[in-house]
Amino acid sequence: MSFELPTLPYEMNALEPHISARTLEFHYGKHHRAYVDNLNKAVQGKPEANMSLEELIQSAKGPLFNNAAQIWNHTFYWHSLRPKGGGRPRGKIAELVKRDCGSVEECKNLLATTAKTHFGSGWAWLVLDAAGKLQVLGTHDADNPMRTGHTPLLTIDVWEHAYYLDYQNQRPRYVETVLEKLIHWDFANENLEKSR
Ligand code: FE
């Protein structure tokens with residue numbers, strides 16, 4: 001069995017003008033694909049070849065962990081965005097945002113600050129903690145909140161490769177655009193549903 005590059009849930013140009021087709025050609029077509037290729041090479045002839053990405057995220061170390069987690073994180077990121085996203089959350093996630101953050105604005109501020117101020121490469125996440133409360137947290141490099149018992153609901157990639165072609169060094173502008181124009185609140189609802 002080998003790991004495969006999951007299909008992008010929309011066309012390469014679907015997030016334009018906010019994230020260009022050129023960014024997705026590199027980010028999905030080269031970076032995401034390279035994590036898949038590297039993991040397949042790294043697990044060759046090893047028992048890990050038969051493990052799921054989630055199992056590798058919980059137990060692997062070094063390159064096996066890094067590549068497995070980056071495959072999972074990127075797939076999760078593509079689904080955290082959608083063309084004509086943004087707007088206000090609805091349904092269950094809207095209730096939790098109000099209960100645990102106070103307001104949608106507060107929740108977006110927390111996510112934005114975490115994403116903008118994260119030092120170096122990594123990810124900003126909206127998660128559910130073990131007690132069922134919403135939290136915003138950042139992880140470094142490939143790290144994933146499932147390792148600390150959290151359930152990921154949404155993520156923003158803050159590696160430079162996510163925004164450099166479109167925004168150069170202006171990570172804050174990329175983050176604000178994602179939250180205003182692309183974030184897919186209903187994906188958080190799907191993840192809440194799955195976690196029940
Ligand atoms: Fe990335």
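The following questions and answers go through the metal site, strands, ring pairs and charged pairs of a predicted model.

Student: Which residues coordinate the iron ion?
Tutor: The model is predicted, and its donor distances run from 1.9 to 2.1 Å. Along the chain the donors follow the spacing H-x46-H-x82-D-x3-H. The histidines contribute NE2 and the aspartate contributes OD. The coordinating residues are His27, His74, Asp157 and His161.

Student: What is the geometry at the site of the iron ion?
Tutor: There are 4 donor atoms, and the angles among them are 88 to 129°. Four donors count as tetrahedral if all angles lie between 85 and 135 degrees. The site is therefore classed by that window, and the geometry is tetrahedral.

Student: How many residues apart in sequence are the parts that His27 and His74 tie together?
Tutor: His27 is buried, as is His74. His27 belongs to helix 1 (residues 21-43), whereas His74 belongs to helix 3. The pair therefore ties together parts separated in sequence by 47 residues.

Student: Is strand 1 largely enclosed or exposed?
Tutor: Gly122, Ala124, Leu126 and Leu128 point one way from strand 1, while Trp123, Trp125 and Val127 point the other way. In a regular strand the side chains alternate between the two faces of the sheet. Of the 7 residues of strand 1, 7 are buried, so the rest of the structure leaves strand 1 largely enclosed.

Student: How many bridges join strand 1 to strand 2?
Tutor: Strand 1 (residues 122-128) and strand 2 (residues 134-140) run antiparallel. Within this pairing, Trp125 stands opposite Leu137, and Leu126 stands opposite Val136. The number of bridges is 7.

Student: Which residue in the turn of the hairpin has a positive phi?
Tutor: The hairpin is formed by strand 1 and strand 2, with 5 residues between them. The phi in question is about 85°. The residue is Gly132.

Student: In strand 3, what is the bridge partner of Val127?
Tutor: Strand 1 runs antiparallel to strand 3 (residues 151-157), and 6 bridges join the two. Val127 is one of the residues of strand 1 that point the same way as Trp123 and Trp125. Its partner in strand 3 is Pro152.

Student: How many residues apart are Phe76 and Phe187, which form an aromatic pair?
Tutor: The count of aromatic pairs comes to 11. In one of them, Phe76 and Phe187 have their ring centres 4.9 Å apart and their planes at 55°, a tilted arrangement. Phe76 lies in helix 3 (residues 62-80) and Phe187 in helix 8 (residues 185-195), so "distant parts of the chain" describes a separation of 111 residues.

Student: Is the aromatic pair of Trp123 and Trp125 stacked, edge-to-face or tilted?
Tutor: Trp123 has a relative accessible area of 0% and is buried, and Trp125 likewise has 0% and is buried. Their rings are 6.0 Å apart, centre to centre, with 35° between the planes. Planes under 30 degrees apart count as stacked and those over 60 as edge-to-face. The pair is tilted.

Student: Which residues do ring pairs link into a cluster?
Tutor: Phe76 and Phe187, both buried, are among the members. Trp123 and Trp125 are also included. The full cluster is Tyr28, Trp72, Phe76, Tyr77, Trp78, Trp123, Trp125 and Phe187.

Student: Which residue lies over the face of Phe65?
Tutor: The distance to the ring centre of Phe65 is 3.9 Å. The residue lying over the face is Arg147.

Student: Which residue forms a salt bridge with Asp186?
Tutor: The structure holds 8 salt bridges. In this one the closest N and O atoms are 2.3 Å apart, and the partner lies in the loop between helix 3 and helix 4 (91-101), 96 residues from Asp186 in helix 8. Asp186 is partly exposed at 23% relative accessible area, whereas its partner is exposed at 54%. The partner is Arg90.

Student: How many residues apart are Lys92 and Glu95?
Tutor: Lys92 and Glu95 form a salt bridge with 3.8 Å between the closest N and O atoms. Lys92 is partly exposed, at 44% relative accessible area. Both residues lie in helix 4, about one turn of the helix apart, and the separation is 3 residues.

Note on methods. Residues are numbered from 1 along each chain as its sequence is written. This is a predicted model: local features need pLDDT of at least 70, side-chain atom pairs count only at pLDDT 80 or more; totals for chains, interfaces and linings use all residues. Side-chain values use heavy atoms; hydrogens and water are left out. Rings of Phe, Tyr and Trp (its six-membered ring) pair if their centres lie within 6.5 Å; planes under 30 degrees apart count as stacked, over 60 as edge-to-face and the rest as tilted. Helices (H or I, at least four residues) and strands (E, at least two) are DSSP runs, numbered from the N terminus. Buried means under 20% relative accessible area, exposed over 50%, partly exposed in between (1.4 Å probe, protein chains only). A charge sits over a ring if NZ of Lys or CZ of Arg is within 6 Å of the ring centre and within 35 degrees of the ring normal. Donors are N, O and S atoms within 2.8 Å of the metal (3.2 Å for Na, K and Ca); water is not among the atoms, so sites may look incomplete. Four donors count as tetrahedral if all angles lie between 85 and 135 degrees; four count as square planar and six as octahedral if opposite donors are over 155 degrees apart and all others between 65 and 115; anything else is irregular. Two strands pair if DSSP finds at least two bridges between them. A salt bridge is a side-chain nitrogen of Lys or Arg within 4 Å of a carboxyl oxygen of Asp or Glu.
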